[in-house]
Each structure stands twice: as C-alpha cells, then as structure tokens.
Amino acid sequence: MTPLLAIGPEALELERLAAALDASAGSNAGADGAVVTFLGLVRNHNVGRRVRYLEYEAYAPLALKAFERIGAEIHERWPDVRLALHHRIGRLDIGEASIAIAARSPHRANAYAACRYAIERVKQIAPIWKREFFDGGDMWIEGATADPDDQRARAEAERIACA
Amino acid sequence: MRVTVRLFARLRDITGASELARDLAPGATIGTVWRQLAGEFPALADYERSISSAVNADYARMDHVLHDGDEVAFLPPVSGG
C-alpha cells in the first residue's frame, strides 16, 4: 500500500496519493467532497539560466519527520483535511515531477488552503536540496534556513495559503 | 565519546565527505562540533548564520549536549519542492 508520506527515487504519480488518501479515509470516505492536488515540475529555466536537469538530495529520515510535522500543523489549522505528500530525490529531467501533494476534505476551501500550505512549508523546513545543472555549470540552490519552530515563517505560509 | 557527523549539499562538497567521525570531550555540544569543523574547513564559516542542525534525525539547537554514538547533521539552507 502507498504510504501517505514518502521520499525516494521513484517517479511520482498523483493517482497513488489520491488512492492512499482514499484507503486511509476508512468509513469516513463518503464525507469528503474534494481532493486538491499539486505537482511540482522541473523547469527548463531559472533566473536567466537554461536548466538541463536537477539533482535532489535529502536527509530522508528527518524529511519524513518534517512531512509529519506539516501534516500535524495542517491537522491543527484545518482539522477536516487529510494530507498525502511524496517528494522525489535523485536526478530529475526537465518536466519530471519533484513533489506531489494531495489534500482531501469535506469542502474544497480547506483542501485548497492546506495543499498550498504544505508546499510552502516543505520549502521552509524539509531538509531537501536541489543542485541545478545548467548551460555553463552547476550550483546548489539554497533557500530558507530550516527552523520548524520559527513561528513567523509558519504564519507566512498560512498567510499565503489563505490569500 | 564518538559521534558521527552527516553533511549535506554544499557542506558535503566543502568537506569532501558525507559522513565523518569525531571524538569529543564529555559535555560537548553541536556547536562544539561545528566550531571544530569550521576550524578544519574555513569555507564553512560562510554558513555560520544560515545552517540548521539535527541530532539523531531531529532538529536540535547548537547548545544541545551530545552523547556517545549520536548522529549530528548540519544542514545548509533548504531548497526542496
């Protein structure tokens, strides 16, 4: 059975996340009215560079715990939402999916918000890094300093999710 | 006591190792390990204010006291998604 939260080299499929959510709903499955999904793709350009491919690396056990934490935060903020989140690592070519998220709830508004919140939080606190290989070189991309206890970052993710 | 140090992304490139073993005196913290490594690899100094750290795959602060067998990880700013 597909887990709700996962990180690994396998190609991502939204259908598997939706099925995992369906399976985990149990007897409550009929109460849900919405599944919102997000698929993040490898783009062929980034700040003026022509990107050839990306390599993702993770501290996998901590990444899974970060996903669990994001799930718990979502449960706190939107108690009727359930989350599935898979992140891929290794070499990814242009157009391939690096992250797949599905949020399921009785009504669409909370599913939309929670899905957006999840991707913003992954970018803030998941110990995952991408190395960009572009025409002329390569470099590690460095974004946010990961601090799960930073309440300002969390509030910012929530603000974006509810905008 | 002896700890394992895990290094990721550019920190791994700078040190040339994804994993190192370090012997420490009792009472040593994550910060002790970081300062020791920064002494060995001066390019790490750029990360003084932007790294995160973890012990045994849980986020932990620099003042966290280490024990024999712990796995310490240093994480440069993240870029998942």
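This is a short walk through a predicted model with chains A and B, taking each chain in turn.

Let me begin with the overall make-up of chain A, which has 4 helices and 9 strands. If you follow chain A along its sequence, the elements come in the pattern β-α-β-β-β-α-β-β-β-α-β-β-α. The C-alpha atoms of this chain occupy a box of roughly 55 × 35 × 30 Å along the principal axes. For 163 residues, a compact globule would be expected to have a radius of gyration near 15 Å, and the value for chain A is 16 Å, which agrees with that expectation. Buried residues account for 47% of the 163 residues in chain A, and, of the contacts in chain A with a separation of 6 or more, 76% are between residues 24 or more positions apart.

Now to the sheet in chain A. Here 4 strands form an open sheet with mixed pairing, and their order across the sheet is β1-β5-β7-β2. At the edges are β1, residues 5–8, and β2, residues 34–41, each of which pairs on one side only. On average, and with direction ignored, neighbouring strands of this sheet are turned by 5 degrees against each other. One pairing within the sheet is that of β5, residues 82–88, with β7, residues 97–105, which run antiparallel and are joined over 6 bridges. If you would like a place to look on the structure, find A:His86, whose bridge partner in β7(A) is A:Ala100. As a general point about strands, the side chains of a regular strand alternate between the two faces of the sheet.

Two helices of chain A can be placed against these strands. Helix α2, residues 60–77, lies across β1 and β5 of chain A, and it runs at about 155 degrees to β1(A). Helix α3, residues 108–125, lies across β2, β5 and β7 of chain A, and its angle to β7(A) is about 150 degrees.

Let me stay with α2(A) for a moment, and ask how far its 18 residues should span at 1.5 Å a residue. The expected span is 26 Å, and the end C-alpha atoms of α2(A) are indeed 26 Å apart, so the two agree. The buried residues of this helix are A:Leu62, A:Ala63, A:Ala66, A:Phe67, A:Ile70, A:Glu73 and A:Ile74. Seen down the axis of α2(A), these buried residues fall within an arc of 150 degrees, and therefore they line one face of the helix. The general background is that an α-helix has 3.6 residues a turn, so residues three or four places apart point the same way.

In helix α3 of chain A, I would like to pick out one residue, A:Ala114. Is A:Ala114 buried or exposed? Its relative accessibility is 0%, and because residues under 20% are taken as buried, A:Ala114 counts as buried. Setting aside neighbours within four places in sequence, A:Ala114 is in contact with A:Ile74, A:Trp78, A:Val81 and A:Ala103. A:Ile74 is itself one of the buried residues of α2(A). The C-alpha atoms of A:Ala114 and A:Arg82 are separated by 8.8 Å, although these residues are 32 residues apart along the chain.

Further along chain A there is a hairpin, formed by β8(A) and β9(A) with 2 residues between them. Strand β8, residues 128–134, and strand β9, residues 137–141, run antiparallel and are joined by 5 bridges, and within this pairing A:Phe134 has A:Gly137 as its bridge partner in β9(A). In the turn, A:Gly136 has a positive phi of about 105 degrees.

That brings me to chain B, whose secondary structure comes to 2 helices and 5 strands, running from the N terminus as β-α-β-α-β-β-β. The radius of gyration of chain B is 12 Å, close to the 12 Å that the globule rule gives for 81 residues, so chain B is as compact as a globular protein of that length. Its C-alpha atoms fill a box of roughly 35 × 25 × 20 Å along the principal axes, and buried residues make up 53% of the 81 residues.

In chain B, 5 strands form an open sheet in the order β2-β1-β5-β3-β4, again with mixed pairing. The edge strands are β2, residues 19–23, and β4, residues 58–59, each pairing on one side only. Strand β3, residues 52–55, runs antiparallel to strand β5, residues 71–75, with 4 bridges joining them, and B:Val55 stands opposite B:Val72 in β5(B).

Technical notes:
Residues numbered from 1 in each chain as written. Chains lettered and ligands numbered in written order. Predicted model: local features only at pLDDT ≥ 70, side-chain atom pairs only at ≥ 80, totals over all residues. Heavy atoms only, no water. Pairing = 2+ DSSP bridges. Axes fitted to C-alpha atoms, helices over the stretch in contact; angles between N-to-C directions. Contact = heavy atoms within 4.5 Å. Expected span 1.5 Å × (residues − 1). Buried < 20%, exposed > 50% of the residue type's maximum accessible area, 1.4 Å probe, protein only. Arc of directions from axis to C-beta. Rg over C-alpha atoms; globule rule 2.2 N^0.38 Å.
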